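Please find below a colleague's notes on the model, set out as numbered points. They go from the aromatic rings to the overall figures and then to single residues.

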Amino acid sequence: MIAGLALTLALSARVVPAARAQTPPDPPIATAADPKAQELSGRKLELRGMQDTIDASGDQRRKIESEIALIRTDRAKLTAALLDASGNVSDAERRIGEAEARLETLTGSEEAIQRSLTARRAVIAEVLAALQRMGRRPPPALLAAPEDMLAAIRTSMMLGSVVPEMKAEAEALAADLQDLLQLRASIAAERDGLAGDVQKLRADRLRLAALVEARQSALAAAEQALGAERNRVAELAKQAASLKDLIARMEAEVAAAARGAAEARKADEARKNAIAAPPPDGRLKTALAPFKDPGRLAPATAFIETKGLLPLPAAGSLRRSFGAPDGFGGAEKGIMIATRNEATVVSPSDGWVAFAGPYRSYGQLLIVNAGQGYYIILAGMERINVNVGQFVLAGEPVATMGDGAAKTAAAIAIGAAEPVLYVEFRKDGAAIDPGPWWVKPELQRVRG
């Protein structure tokens, strides 16, 4: 309570000089038409601001379209631009998540200090009231009134017991107020930085969406039977009893998936032959940097050799690990990552799309054939932007998360309000731990 009264006195001290300052002249008396004119002026300013925003967005889109027109015919350049854009989006989403976490911590500290100040308000009021009474009836001066020595001694004893406590309260109050000011300054800085990151994220997402559209339109032009393929994929998804069965049916009965599986087998065979042959000078360099060439049409290295090199498919927080109890007496076969709304999902590895579409309670499901019997399963997205049979690169955008409104089995299992991405690795039909494959700093960051 001492803190509350001291704060009041401090505020009063600040208000007094302001009150002494020269007051501005009274505004002119408004006429009856002035409020309407002011409202009209405000609406014009608002409309002008909206028009400026639309113009800026239009200019940005035209710039992106011009960029795409230059690289549309060059697959390697288009893919490189996609990888760059998806990396920027993932970085922005990660920074925003970290800033929001810091902001939540700072806000909690501010609320704790305010609760502390409020709780001490009564004590502060009592001490200040005692000081006020002492000011009105000061202790007797011994030289002026020596006959009142007993009253002077009593007053001195009371002050001796009260002043140290009051001093401690005042020092604690001053420290709390200083902390509160620093916290508010930090909160303002975090909010400004967050607003800048959100604005950059919007621009990066706009560029990424345009690049994805350009990539898929170029591929769709070569896919004459794309509509029939999608219908067949949807039918197989209804018939498949398990993920293993779904993969087998897709690669046996859908032409695009079969082509992808054949390409994966061809790449595996070519790799075996390359291992048996004398190594060329540049092969070691390629193995050390398997994801550098954006123009590759097959994995640059075997999936087993990419342990510790793969990027996580989305920025977020790890909510459940491989092997953790699933709540039904079993163990999790994959990991669950809680993401931001509309987060970008990238392929963790090079590979061919074996399935893309809705599947049971998984939501939108994507299966990537990484070769050598390895498959990567991503589930829980709202929208997939690659086609069956398409070759994708590690880090290439393949899907977008929703806003958490549509509940998948993974989201329900952990009771999450935000979107949840489910990730599972399979080898020859059996689920395996994906942990050894992730880039270690990435996994540490997602664990928080």
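1. Two rings of Phe, Tyr or Trp (for Trp, its six-membered ring) are taken as a pair if their centres lie within 6.5 Å. The structure is a predicted model, and it holds 9 aromatic pairs. Phe 303, Tyr 374, Phe 425, Trp 437 and Trp 438 are linked by ring pairs into a cluster. A pair of aromatic rings is described by the distance of the centres and the angle of the planes.

2. One member of the cluster also has a charged neighbour. Lys 307 lies over the face of Trp 437, and its distance from the ring centre is 4.8 Å.

3. On confidence: the average pLDDT of the chain is 76, and 66% of the residues score at least 70. In residues 1-33 the pLDDT is below 50, and this stretch has 34 contacts in the model beyond near neighbours in sequence. Residues 278-288 also have a pLDDT below 50; for this stretch the model has 4 contacts beyond near neighbours in sequence. Any reading of these two stretches should be tied to those scores.

4. On the overall make-up: the chain has 11 helices and 11 strands. It has 448 residues, of which 37% count as buried. The accessible surface comes to about 25300 Å², and carbon and sulfur atoms account for 58% of that surface. If one takes the contacts between residues at least 6 apart in sequence, 71% of them join residues at least 24 apart.

5. What does Glu 93 touch, leaving aside residues up to four places away in sequence? Its contacts are Leu 201, Arg 205, Ala 315, Arg 340, Glu 342, Ala 343 and Thr 344. Glu 93 lies in helix 3. It counts as buried because its relative accessible area is 3%, and the cut-off for buried is under 20%. The Glu 93 side chain also reaches the backbone nitrogen of Thr 344, at 3.1 Å.

6. Gly 97 belongs to helix 3 as well, which spans residues 75-119. Is Gly 97 buried, partly exposed or exposed? Its relative accessibility is 30%, so Gly 97 counts as partly exposed. Between Gly 97 and Leu 194 there are 9.3 Å in space, C-alpha to C-alpha, for a separation of 97 residues in sequence.

7. Gly 316 is in strand 1, residues 316-320. With a relative accessible area of 33%, Gly 316 is partly exposed. The C-alpha atoms of Gly 316 and Arg 340 are 6.8 Å apart, while the two residues are 24 apart in sequence. Arg 340 is also among the residues that Glu 93 touches.

8. Two residues deserve a check of their backbone angles. Most residues other than glycine have a negative phi. Arg 360, not a glycine, has a positive phi of about 50°. It sits in the loop that joins strand 4 (351-358) to strand 5 (364-371). Arg 360 counts as exposed because its relative accessibility is 58%, against a cut-off of over 50%.

9. The second of these is Gln 372, with a positive phi near 60°. Its place is the loop between strand 5 and strand 6 (374-381). Gln 372 has a relative accessibility of 30% and therefore counts as partly exposed.

10. Where is Gln 390 found? It is in the loop between strand 7 (383-384) and strand 8 (391-392). Gln 390 counts as buried because its relative accessibility is 9%. Its side chain reaches the backbone nitrogen of Asn 387, at a distance of 3.1 Å.

11. Ala 394 occupies the loop between strand 8 and strand 9 (397-400). Its relative accessible area is 11%, so Ala 394 is buried. Ala 394 and Val 346 are 48 residues apart in sequence, and their C-alpha atoms are 7.3 Å apart in space.

Terms used: Residues are numbered from 1 along each chain as its sequence is written. This is a predicted model: local features need pLDDT of at least 70, side-chain atom pairs count only at pLDDT 80 or more; totals for chains, interfaces and linings use all residues. Side-chain values use heavy atoms; hydrogens and water are left out. Rings of Phe, Tyr and Trp (its six-membered ring) pair if their centres lie within 6.5 Å; planes under 30 degrees apart count as stacked, over 60 as edge-to-face and the rest as tilted. A charge sits over a ring if NZ of Lys or CZ of Arg is within 6 Å of the ring centre and within 35 degrees of the ring normal. Helices (H or I, at least four residues) and strands (E, at least two) are DSSP runs, numbered from the N terminus. Buried means under 20% relative accessible area, exposed over 50%, partly exposed in between (1.4 Å probe, protein chains only). A polar contact is a pair of N or O atoms within 3.5 Å; within protein, one must be able to donate a hydrogen and the other to accept it, and residues adjacent in sequence count only if both atoms are side-chain atoms. Contact means heavy atoms within 4.5 Å. Accessible areas come from the Shrake-Rupley method with a 1.4 Å probe; for residues, only the protein chains shown count as cover. pLDDT is the predictor's confidence in each residue, from 0 to 100.
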